[in-house]
Amino acid sequence: MLSKNINNYFLVLYSLIPISILVGPMISLANILLIDLSFIILILFKKDFSFLKNKVFQYLLILYFYLIFNTIISLDPNSGINRNLGFIRIIIFFLSINYFYQQKNFFNKVFYFWLLVITIVVFDVFFESVFGRNILGYGADIADGRVYSFFKNEAIVGSYLYAFLLILLGFCLNKYGSSKKYIIFLIAIIFLFSIFVTGERASSVKGLISIIIFFLIFKEFKFKNKILLIISTFTGLLILIMSSDYLKLRFVNQIKNNVSFSHNNYFYLYKSGIEVFKNYPVLGVGNKNYRIATCGKKTEDLKENEKNYFCSTHPHQIYFEFLAEHGLLGTLVIFYLLYSIIFSKWKIFFADDNYIQYGTFIYLILVFLPIIPTGAFFGDFLLTLFVINLSLLYASNPKTNIFNK
């Protein structure tokens, strides 16, 4: 058992995670590094090194060593060195969540605070969609119709809400699902609607798929109730989209235009990712080096096999990103390790009715949904949301918790 002061200290740090992400990447990074450093000191003091023999930890460590190797063979090692070497923070953060999940009621308190924060963000999204600015005044000078909420000018609030939605839905179902299931799913649908309101199509599609899966796997609902809830959700979303010119543009008109490759920027990004892969098929250009490859030369200096490059920070799709920056060999290494960590234990994950584990597993699977655009996988924002879900996937079940002896 930990002393009350130490317990409260870590409780504050974990509770602040969603707020730190809202404030900005530097604050989010600082919060995680503070958790990591404090956890290392605690582990050294407790002399609890049981995790060293755990296969999941070992797989993450192999991934870290691969990323160090990837830095060495990169086009510009300086471009990706911080991202690759900094991956160690993700491993320590993963261990720390597993460790503190064992403390009685520790994460229950954390989840209640996260629920409060996410509820405020959901309210803010609806507020901005109506008044053109969020509750702090952000967005008033932007006239593109997008909802940015507390992220000011970054269109990522939908991805943010989606990453926490399934965790909190799982927590509420675990705790109150048998008695308040309809209220919980009603709130979840409202949260889903807020993701659609942001206009972020990828997060909206994933959110909808996730909620439908939750309807289907939740054992407290009869089959006819599940179908009714799915139909009602689709109907509500259709009304929401058709009642807004902006959402109609995002989810109807632009999707129609994107069917034609000639009007689809993502097609050119994906094609560019393939072209980079074709030129660096074995090891790729290196993590965070896609921009170096596609934007590092003037048009007139491009070689013939570089003419189809599309200048961008990354190809905006995880498979093309891996192939371009890590090549076939690196992509196989990454996917083998991620498969071993996430997918190889799915029978254990679904052995109990643990809805936090269901939610995080669904989130992690849909990160790898083909074709749909994504952020840079090893970028701070997406990687932080990914490791939060991955950590809770293992931590929330005594059978999989890293520190369960």
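Helix pairs whose axes cross at under 35 degrees count as roughly parallel, those over 145 as roughly antiparallel, those from 65 to 115 as roughly perpendicular, and the rest as oblique. That sorting comes in handy for one pair of helices in this predicted model. Helix α7, made of residues 106-131, packs against helix α8, residues 157-197, at an angle of about 130°. The two axes sit 11 Å apart. An angle of about 130° fits none of the named ranges, so α7 and α8 end up as oblique to each other. As for what fills the contact of α7 with α8, the tally is 23 nonpolar residues, 4 polar ones and 1 charged one.

Helix α8 also carries a lysine that deserves a look, K181. With a relative accessible area of 15%, K181 is buried, because anything under 20% gets that label. Setting aside neighbours within four places in sequence, the residues in contact with K181 are Y176, F218, E220 and F221. Take E220 from that list: K181 and E220 are 39 residues apart along the chain, yet their C-alpha atoms are 7.8 Å apart in space.

Next come the salt bridges, and the count is 4. One of them pairs R89 with D380, and the closest N and O atoms are 2.8 Å apart. R89 belongs to helix α6 (residues 88-101), while D380 belongs to helix α17 (residues 380-395), so this bridge ties together parts of the chain that are 291 residues apart in sequence. The two partners do not share a label for accessibility: R89 comes out as buried at 8%, whereas D380 comes out as partly exposed at 38%.

Another salt bridge brings together the side chains of K219 and D353, with 3.3 Å from N to O. Here both partners are in loops: K219 is in the one between α9 (201-217) and α10 (223-242), and D353 is in the one between α15 (346-349) and α16 (355-367). The pair therefore connects parts that are 134 residues apart in sequence. K219 is exposed, its relative accessible area being 60%, and D353 is partly exposed at 42%.

The bridge between K278 and E275 stays within a single helix, α12, which spans residues 265-279. Its closest N and O atoms are 3.4 Å apart. Why about one helical turn between K278 and E275? The two are 3 residues apart in that helix, so about one turn separates them. E275 itself is buried, with a relative accessible area of 12%.

Last up is the covalent side of things. A disulfide is a covalent bond between the sulfur atoms of two cysteines. The structure has 1 disulfide, and it joins C295 to C311 with 2.0 Å from S to S. C295 is in helix α13 (residues 290-295), and C311 is in the loop between α13 and α14 (318-343), so to speak a link between distant parts of the chain, 16 residues apart. The angle about the S-S bond is 115°, and the link of C295 and C311 is right-handed. C295 counts as partly exposed, with a relative accessible area of 28%. A further cysteine, C172, is buried at 14%.

Key: Residues numbered from 1 in each chain as written. Predicted model: local features only at pLDDT ≥ 70, side-chain atom pairs only at ≥ 80, totals over all residues. Heavy atoms only, no water. Disulfide = S-S within 2.5 Å. Helix = DSSP H or I, 4+ residues; strand = E, 2+ residues; numbered from the N terminus. Buried < 20%, exposed > 50% of the residue type's maximum accessible area, 1.4 Å probe, protein only. Axes fitted to C-alpha atoms, helices over the stretch in contact; angles between N-to-C directions. Nonpolar A, V, L, I, M, F, W, Y, C, P; charged D, E, K, R; others polar. Contact = heavy atoms within 4.5 Å.
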